[in-house]
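Please open the model in your viewer and keep the sequence panel beside it, as the tour below moves from one selection to the next.

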Amino acid sequence: MSHGHSHNHPHVHKDLRGRNLLISIVLNIIITASQIIGGLLSGSLALLSDALHNFSDVLSLVVSYVANKLSKKQASIYRTFGYKRAEILAAFINASTLIIVAILLIIEAIKRFQQPEEIKTGLVIWLSLIAIIANGASVLLLKKDSESNMNMRSAYLHLLTDMLASVAVLIGGLLMKFYQIFWVDSALTLAIAIYLIYMGYDLLKSSTKVLMLFTPDHVPIQKIVDEISAFDAIKNVHHVHVWQLNEDEVHLEAHIDFHHDITLSEFDEVLHNIEDLVLIRYHINHVNIQPEFRKSDDKDIIVQD
């Protein structure tokens, strides 16, 4: 016999997230198109690689947008959790592409160091300014949500690095125009790429942890077991699993041995106390407890099935 209980979470302006993502997608398609044309006309590799980067952004924003839409779909018999993991998956995909783009940028920058090229700078300067404004607008749109949502964070990071890349192209364009310093283009590209890897790795790690059902960092299992075991009626807590479904939901399941053969209403009271304890102290909002009395099973906290 199992008993579960869940607490509802307010669904924070997810519609607004979707709208902001859509605006960013449109802005990025405009930038990409103008950069491809400008890059071909001016002969600037920096502009073309920035366009490629922007195009990867459009794709990552589309992934985020689809995930955001999916995450709101209802659960069904075939998908009992609905699509709640969609946003984590999107964050994982986007973090991976972020790192790949960064590695490609590094290779490009090193090639450029070896043979700097002459570039028509006027066009480069104007186009990078347009890109900075459009990307800046997208970054501001997504900034707030990026703090609380991995999917939005992955989209935000793609756009932020894009904006930085455009700033680099602008600085490069100005230095090339007035001082004929052509290697600065590569140096800036290199710096951005390294920053990209640093940010992308962190996101990749946290989304992987959720996908692999690892215990969330803020949950000390041993301490929770000790605190639950301290209840008078409880003899032992074992077979514990704690995992994160998405950013809003943390689940705990466990088998609990009781000293006495208690009634269901008594068990309900104990369950209620456990739920309050783990919700208030550890933000675990889904609890599923299997009560046991004199059952001969493995009593270890972690049981490998």
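Begin by selecting residues 216-292 of this predicted model, a span that is 36% helix and 35% strand and whose end C-alpha atoms lie 27 Å apart. The unreviewed UniProt entry places the feature "domain: Cation efflux protein cytoplasmic" at these residues, 216-292.

Staying in that selection, go to strand 2, which covers residues 234-244, and pick out Val240 there. Is Val240 buried or exposed? With a relative accessible area of 6%, Val240 is buried, because that value falls under the 20% cut-off. If you display the surroundings of Val240 and leave out residues up to four places away in sequence, the residues that it touches are Ile221, Val225, Leu252, Glu253, Ala254, Ile301 and Ile302. Before moving on, draw a distance from the C-alpha atom of Val240 to that of Val26, and the viewer should show a separation of 47 Å for two residues that are 214 residues apart along the chain.

Next select His239, which also has its place in strand 2. His239 counts as buried, at 15% relative accessibility, and its backbone deserves a look, since most residues other than glycine have a negative phi. The phi of His239, by contrast, is near 50°, a positive value in a residue other than glycine.

A second residue to inspect for its backbone is Arg294, in the segment after strand 4, the strand that covers 286-292. The phi of Arg294 is near 55°, again a positive value in a residue other than glycine. Arg294 is exposed, with a relative accessible area of 74%, whereas His239 counts as buried.

Now turn to helix 8, residues 264-282, and select Asn273 within it. This residue is partly exposed, its relative accessible area being 36%. A C-alpha to C-alpha distance drawn from Asn273 to Asp50 comes to 56 Å, for a pair that is 223 residues apart in sequence.

Asp50 leads on to Ser166, with which it is in contact. Ser166 is found in helix 5, which runs over residues 150-179, and Ser166 is buried, with a relative accessible area of 0%. Leaving aside neighbours within four places in sequence, the contacts of Ser166 are Gln35, Asp50, Ser128, Ala131, Ile132 and Asn135.

With helix 5 still in view, colour the spans that the unreviewed UniProt entry labels "transmembrane region", namely residues 21-45, 88-110, 122-142, 154-175 and 181-204. Two of these spans can be checked directly by their ends: in residues 154-175 the end C-alpha atoms lie 32 Å apart and the span is 100% helix and 0% strand, while in residues 88-110 the corresponding atoms lie 33 Å apart and the span is likewise 100% helix and 0% strand.

The remaining stops concern pairs of helices. Two packed helices are described by the angle between their axes and the distance between the axes.

Select helix 4, residues 121-146, together with helix 5, and you will find that they pack at an angle of about 155°, with their axes 8 Å apart. That angle makes helix 4 roughly antiparallel to helix 5. Helix 4 passes helix 5 in a left-handed crossing, and the contact between these helices has 18 nonpolar, eight polar and five charged residues.

Keep helix 5 and replace helix 4 with helix 3, which packs against helix 5 at an angle of about 25°, with the axes 7 Å apart. Helix 3 and helix 5 are therefore roughly parallel to each other, and their crossing is left-handed. To see which side chains to display, take Glu87, Ile88, Ala90, Ala91, Asn94, Thr97 and Leu98 from helix 3, which meet Met150, Asn151, Ser154, Leu157, His158 and Thr161 in helix 5. By class, this contact of helix 3 with helix 5 has six nonpolar, six polar and one charged residues.

For the last stop, hold helix 3, residues 86-114, and add helix 6, residues 184-211; their axes come within 7 Å and cross at roughly 160°. How, then, are helix 3 and helix 6 oriented to each other, roughly parallel or roughly antiparallel? They are roughly antiparallel, because their angle of roughly 160° is over 145 degrees. The crossing of helix 3 and helix 6 is left-handed, and the residues of their contact divide into 24 nonpolar, six polar and two charged.

Definitions and conventions. Residues are numbered from 1 along each chain as its sequence is written. This is a predicted model: local features need pLDDT of at least 70, side-chain atom pairs count only at pLDDT 80 or more; totals for chains, interfaces and linings use all residues. Side-chain values use heavy atoms; hydrogens and water are left out. Helices (H or I, at least four residues) and strands (E, at least two) are DSSP runs, numbered from the N terminus. Buried means under 20% relative accessible area, exposed over 50%, partly exposed in between (1.4 Å probe, protein chains only). Contact means heavy atoms within 4.5 Å. UniProt positions are given in the numbering used here, feature names are shortened, and annotations may be inferred rather than shown by experiment. Axes are lines fitted to C-alpha atoms, for helices over the stretch in contact, and angles run from 0 to 180 degrees between N-to-C directions. Angles under 35 degrees count as roughly parallel, over 145 as roughly antiparallel, 65 to 115 as roughly perpendicular and the rest as oblique. A crossing is left-handed if the near helix is turned anticlockwise from the far one by less than a right angle, and right-handed if clockwise. Ala, Val, Leu, Ile, Met, Phe, Trp, Tyr, Cys and Pro count as nonpolar, Asp, Glu, Lys and Arg as charged, and the others, Gly among them, as polar.
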